[in-house]
Amino acid sequence: MAERAPFNILDPATAGDAQRRGSDPRELDRCMEQMLSYIYASLPNYPLYLGQRFHAARAAPDRVDRISRLPRDLRRDIVSRLPVKDAARTAVLSWRWRTIWLSTPLVLVDAHLLPKGQGFPPTYSTNSQPITAAVSSILEAHPGPFSCVHLICSRMDSYRPQLARWLQLFAAKGVHDLVLVNRPLPLEVPLPATVFTITTLTRLYLGLWKLPGTAALRGASFPHLRELGVLFVEMEPGDVDYLVARSPVLEILNILGCMKGLRLRLVSQSLRCVQIAGSIMENIAVVKAPCLERLILHGSCKRGGGLCTRVRIGDAPKLHAFGYLEPGQVLEIRDTIIMPGIKATTTSMLTSVKILSLTVRFGLRSDVKMVPTLLRCFPKLDRLHIMSKRCDKPTGNLGAKFWEESGPIENVVSGITVMSLREYTGEPGEVGFLEFFFQCARVLKTAIIVTANPIHTPFLKDVAFNKESKSSRNMASKSCKKCFVGSTGPEGGEVLCFKTGAEFSIPDPFCVFEVLTRF
């Protein structure tokens with residue numbers, strides 16, 4: 001009998017405990033591994049050169065060390081782009097390099113300190129002790145400041161004194177970009193309150209921690225913080241509100257994996273982009289955010305009892321891109337709850353929104369009936385993106401006749417220039433919508449149809465293609481370019497990439513082609 005593969009995340013003791021409690025340890029290990037993969041994918045990049053290693057050039061005939069004669073600032077710039085081991089080793093090159101590393105703002109990524117032969121990400125068998133010892137030695141030796149520190153490879157539950165000391169050093173010497181991820185398990189390791197007193201931070205990402213009490217958060221001070229990421233963090237309602245309130249120049253807020261029920265009340269003079277993914281969203285209220293340009297809600301998880309996400313948009317005059325809005329959610333614009341068939345008025349419309357992404361279950365009548373109402377709430381739309389979602393208990397498809405009876409929709413007729421439909425399988429509801437849209441959209445320039453991945457969603461691709469072709473026979477726009485492609489990703493599309501949503505050089509964070517071109 002073949003020996004079963006070892007666990008990737010769980011240690012043998014945790015696996016045994018899970019089995020005694022009636023849980024499948026391998027399923028738990030898979031879930032933990034997936035959780036960490038989501039976290040690692042959501043982390044910001046670090047400013048290091050990790051490309052090709054070059055062989056040393058043959059020495060010049062005169063044997064003059066020209067690189068050491070480069071200006072000091074240029075040598076510091078070179079060192080700042082090297083992994084920490086290589087950066088420290090430059091001190092042995094010559095006397096001109098000895099003080100360069102110590103005078104250069106430190107870039108420390110503990111993944112570069114993994115033992116030889118140990119790849120990333122680390123497994124349960126990876127020994128955290130040498131990594132934490134190396135981090136401690138480096139932080140003590142370097143006078144600061146620390147430009148960028150990513151600590152993501154250690155099980156910090158066993159090294160709490162070291163973590164406390166690191167945070168003290170960060171507060172004393174200064175750090176700008178800080179990423180702290182605790183490797184599970186346990187999941188709820190308390191995060192020392194010292195982190196909220198590091199006033200030099202410009203970017204902070206926290207993963208797999210338990211936030212301290214509200215008293216500690218009330219004392220937080222982030223006068224320079226521009227980007228905050230909270231990833232699978234145990235926290236209480238109002239904790240994020242406290243952090244936002246104490247970050248007067250915060251522009252980007254990313255939240256992943258909040259499973260206790262997220263209630264967010266956004267009041268900020270500086271926020272430009274808010275992204276929430278893979279979370280139980282109870283109440284997301286944009287109360288006053290005069291600079292908010294993007295609100296992206298992706299993969300809302302359902303809680304037992306049928307609780308729906310409530311999304312309220314109050315004062316957000318610059319909101320430009322909004323998604324992935326689901327008809328099953330409760331949308332409130334100012335003081336108006338948007339219901340199927342409600343007549344749009346000036347107080348129930350968001351005229352600033354030019355890009356909208358909807359998730360629609362075309363086999364569910366209640367979802368489809370909500371779409372015309374939602375479209376009328378955003379009269380100045382230029383781009384519409386729809387993610388088709390399968391439903392467990394379909395209630396019947398609504399075809400082209402339903403759309404005709406819904407009456408003309410102004411932005412469809414004379415506003416939308418780009419439309420995409422993802423996870424398309426050719427079901428009648430999808431085809432009916434496409435037929436209506438193509439017949440009405442007079443200024444449409446680009447239509448992108450992305451089929452589902454047949455590996456995850458069985459369907460007949462040729463039949464789906466023929467149905468789409470028939471639906472576009474009578475297109476109102478004669479200059480529209482159509483693109484029909486297949487997905488190779490997971491069911492429901494890829495997990496939201498925070499880097500994409502917060503990259504303002506990408507004008508449309510929901511357009512798959514623009515994102516692929518940029519990255």
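**Entry 1: the largest pocket**

I began with the largest pocket of this predicted model, and I noted a volume of about 1,300 Å³ for it. I then looked up which residues line the largest pocket, and found 50 of them, with G278, H298, G299, S300 and C301 the closest to its centre.

Next I wanted to know which elements give two or more residues to the lining. They are helix 2 (25-42), strand 15 (355-360) and strand 16 (383-388), and the largest share, 5 residues, comes from helix 2. When I sorted the lining residues of the largest pocket by character, I wrote down 24 nonpolar, 12 polar and 14 charged.

**Entry 2: aromatic pairs**

I turned to the rings, keeping in mind that a pair of aromatic rings is described by the distance of the centres and the angle of the planes. The count for this model comes to 12 aromatic pairs.

I looked at F146 and F170, whose rings lie 5.7 Å apart from centre to centre with 85 degrees between the planes, and this pair is edge-to-face. F146 belongs to strand 2 (residues 146-151) and F170 to helix 7 (residues 160-173), so the pair ties together parts that are 24 residues apart in sequence. Are these two rings buried or exposed? F146 has 0% relative accessibility and therefore counts as buried, and F170, also at 0%, counts as buried as well.

I went on to Y424 and F484, where the centres are 6.2 Å apart and the planes stand at 85 degrees; because an angle over 60 counts as edge-to-face, I entered this pair under that heading. Y424 sits in strand 17 (residues 418-424) and F484 in strand 19 (residues 481-486), and the pair links these distant parts of the chain, 60 residues apart. Here I recorded a contrast between the partners, since Y424 is buried at 0% relative accessibility, whereas F484 is partly exposed with a relative accessible area of 24%.

I also noted a cluster, in which ring pairs link F362, F402, W403, F433, F436 and F437.

**Entry 3: charges over rings**

Last, I asked which rings have an arginine over them. The charged end of R75 sits over the ring of W97, and I noted 5.8 Å from the centre of that ring. R272 lies over the face of F504, with 3.8 Å to the ring centre.

Technical notes. Residues numbered from 1 in each chain as written. Predicted model: local features only at pLDDT ≥ 70, side-chain atom pairs only at ≥ 80, totals over all residues. Heavy atoms only, no water. 1 Å grid on protein atoms, 1.4 Å probe; cavity = no way out; pocket = protein on both sides within 12 Å on 5 of 7 lines; lining within 4 Å. Points joined across faces, edges and corners; volume = space filled by probe spheres on them. Helix = DSSP H or I, 4+ residues; strand = E, 2+ residues; numbered from the N terminus. Nonpolar A, V, L, I, M, F, W, Y, C, P; charged D, E, K, R; others polar. Phe/Tyr/Trp six-rings, centres within 6.5 Å; stacked < 30°, edge-to-face > 60°. Buried < 20%, exposed > 50% of the residue type's maximum accessible area, 1.4 Å probe, protein only. Lys NZ or Arg CZ within 6 Å of the ring centre and 35° of its normal.
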